[in-house]
Amino acid sequence: MSSSSLSIIIPAYNESARIAKTLRQVLRYLEDQPAGGEVIVVDDGSKDDTSRVAEAVFAERIEGRVEGRVIRVEPNRGKGHAVRTGLLAARSPVAAFFDADLSMPITETPKLVEPIRSGQYDVVFGSRALDRRLIGTHQPWLREQSGRFFNLVMRLLTGLPFKDTQCGFKAFRMDVCRPVVEGGLIDRFGFDVELIYIAHRAGLRMLEYPVRWDDVEGGSVSFRTGLQGFAELREVRRNSARGLYDAAVARAREAAGRVSNRRRLAEEAGVESDVSAELAGQRI
């Protein structure tokens, strides 16, 4: 993988009906990018043909600059476990995970990726709360209000300053964030908060950025899932109090320090960074 390639992870559970359309859009987007990359589908113990459909889409492509592979997890462990599995398998310097329904259009990807490639941030994640004018199709009213309430409780329990931790589109600079991913313990709904919490405690450079978003029918979030999410917020708080994230926080800080030192030494020596001039100067 080149220094500017991108790994896209798609966690999937019983997504055979729409995974083909999603993968073709993602593959087409990456093929159009100069650096290419890879797409990793993590099938989280699906009971349908998700893996077979994904493998068929990858097989129909001619040889190109984008690789595609499926990782099958058995039995079902949860979206958090699937996302961590995909991120830790990623081979590109920047890795992002996208929901299988592509409720955030693939064309929004630069908003997440370019601030990392330009060296400004280590973690960038999409937000529906910062500019609701970008939401095309809204969720049902009750579900949207429960999401707002969840994020309010999240901020109260964790102290995180962010407005929307549950939008399913996040990107990571992996040489800094690998310890964050390795330190995650929550396998289901609360994993997003946990990853952001560990990264925030480690002092990583983080950006919440407004993205276009449309609700897509057929999602797996239910009332029961939402209740579980509140319980997992308390779990994040308990894990932190018990010191279960301390090692991951320390490793992430050390990794960020090494990257910062390399950047400083390169600047002092007048050596160009691994980011192109175009990306280094780009602003979203």
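Trainee: Which residue does Arg52 form a salt bridge with, and how far apart are the closest N and O atoms?
Mentor: Arg52 pairs with Asp49, and the closest N and O atoms are 3.5 Å apart. Keep in mind that this is a predicted model.

Trainee: Is Asp49 buried or exposed, or partly exposed?
Mentor: Asp49 is partly exposed, since its relative accessible area is 41%.

Trainee: How many salt bridges does the count come to?
Mentor: The count comes to 22 salt bridges. Lys111 and Glu108 form one of them, with 2.8 Å from N to O.

Trainee: Are Lys111 and Glu108 buried or exposed?
Mentor: Lys111 is buried, and Glu108 is buried as well.

Trainee: What about helix H5, which salt bridge can I look at there?
Mentor: Try Arg148 and Glu144, whose closest N and O atoms are 3.7 Å apart. The two are four residues apart in helix H5, so about one helical turn separates them.

Trainee: How do Arg148 and Glu144 come out on relative accessibility?
Mentor: Arg148 is at 38%, so it counts as partly exposed. Glu144 is at 13%, so it counts as buried.

Trainee: And which residues do salt bridges with shared partners join into one network?
Mentor: Those are Glu38, Glu67, Arg69 and Arg91.

Trainee: Switching to nonpolar residues. How many residues does the largest nonpolar core have?
Mentor: The largest nonpolar core has 42 residues. Ile9, Leu87, Val123, Phe172, Leu204 and Met206 have the most contacts inside it. Helix H7, residues 191-201, gives the most to this core, with seven residues.

Trainee: Which other core lies apart from it?
Mentor: There is another core of 37 residues, and Leu23, Val57, Val66 and Leu207 are among them.

Trainee: Back to Leu87 for a second. What is Leu87 in contact with, leaving aside neighbours within four places in sequence?
Mentor: Its contacts are Ile9, Ala95, Phe97, Phe172, Met174, Arg178 and Val181. Two of those names, Ile9 and Phe172, also appear with Leu87 among the residues with the most contacts inside the largest core.

Trainee: Now the outside. Which residues make a nonpolar surface patch?
Mentor: Phe149, Leu152 and Leu156 make a nonpolar surface patch of about 320 Å². Leu156 lies in helix H5, which covers residues 141-158.

Trainee: Is Leu156 buried or exposed?
Mentor: Leu156 has a relative accessible area of 65%, so it is exposed.

Trainee: And what about Leu157, where is it found?
Mentor: Leu157 is found in helix H5 too. Its relative accessible area is 25%, so Leu157 is partly exposed.

Trainee: What is Leu157 in contact with, leaving aside neighbours within four places in sequence?
Mentor: Leu157 is in contact with Leu233, Arg234 and Arg237. You could also look at Phe230, 73 residues from Leu157 along the chain, where the C-alpha atoms of the pair are separated by 9.9 Å.

Trainee: Next, the backbone. Which peptide bond is cis?
Mentor: The bond from Glu74 to Pro75 is cis, with omega near -10 degrees. Pro75 is in the loop between strand E3 (66-73) and helix H3 (79-89).

Trainee: Why pick out a cis bond or a positive phi?
Mentor: Because most peptide bonds are trans, and most residues other than glycine have a negative phi.

Trainee: Okay, what is phi of Asn14?
Mentor: Phi of Asn14 is near 55 degrees, which is positive in a residue other than glycine. Asn14 is in the loop between strand E1 (6-12) and helix H1 (19-31). With 32% relative accessibility, Asn14 counts as partly exposed.

Trainee: And what is the phi of Leu102?
Mentor: Leu102 has a positive phi of about 50 degrees, although it is not a glycine. Leu102 is in the loop between strand E4 (94-98) and helix H4 (109-117).

Trainee: Does Leu102 count as buried or exposed?
Mentor: Leu102 is at 10% relative accessibility, so it counts as buried.

Trainee: Last topic, cysteines. How many disulfides does the structure hold?
Mentor: The structure holds zero disulfides.

Trainee: Are Cys167 and Cys177 buried or exposed?
Mentor: Cys167 is buried, with a relative accessible area of 1%. Cys177 is at 1% relative accessibility, so Cys177 counts as buried.

Notes:
Residues are numbered from 1 along each chain as its sequence is written. This is a predicted model: local features need pLDDT of at least 70, side-chain atom pairs count only at pLDDT 80 or more; totals for chains, interfaces and linings use all residues. Side-chain values use heavy atoms; hydrogens and water are left out. A nonpolar core is a set of buried Ala, Val, Leu, Ile, Met, Phe, Trp, Tyr and Cys residues joined through side-chain atoms within 4.5 Å. Buried means under 20% relative accessible area, exposed over 50%, partly exposed in between (1.4 Å probe, protein chains only). Contact means heavy atoms within 4.5 Å. Patches are made of residues with over 30% relative accessible area and no salt bridge: like charges are joined within 9 Å, nonpolar side chains (Val, Leu, Ile, Met, Phe, Trp, Tyr) within 5 Å. Accessible areas come from the Shrake-Rupley method with a 1.4 Å probe; for residues, only the protein chains shown count as cover. A salt bridge is a side-chain nitrogen of Lys or Arg within 4 Å of a carboxyl oxygen of Asp or Glu. A disulfide is a pair of cysteine sulfur atoms within 2.5 Å.
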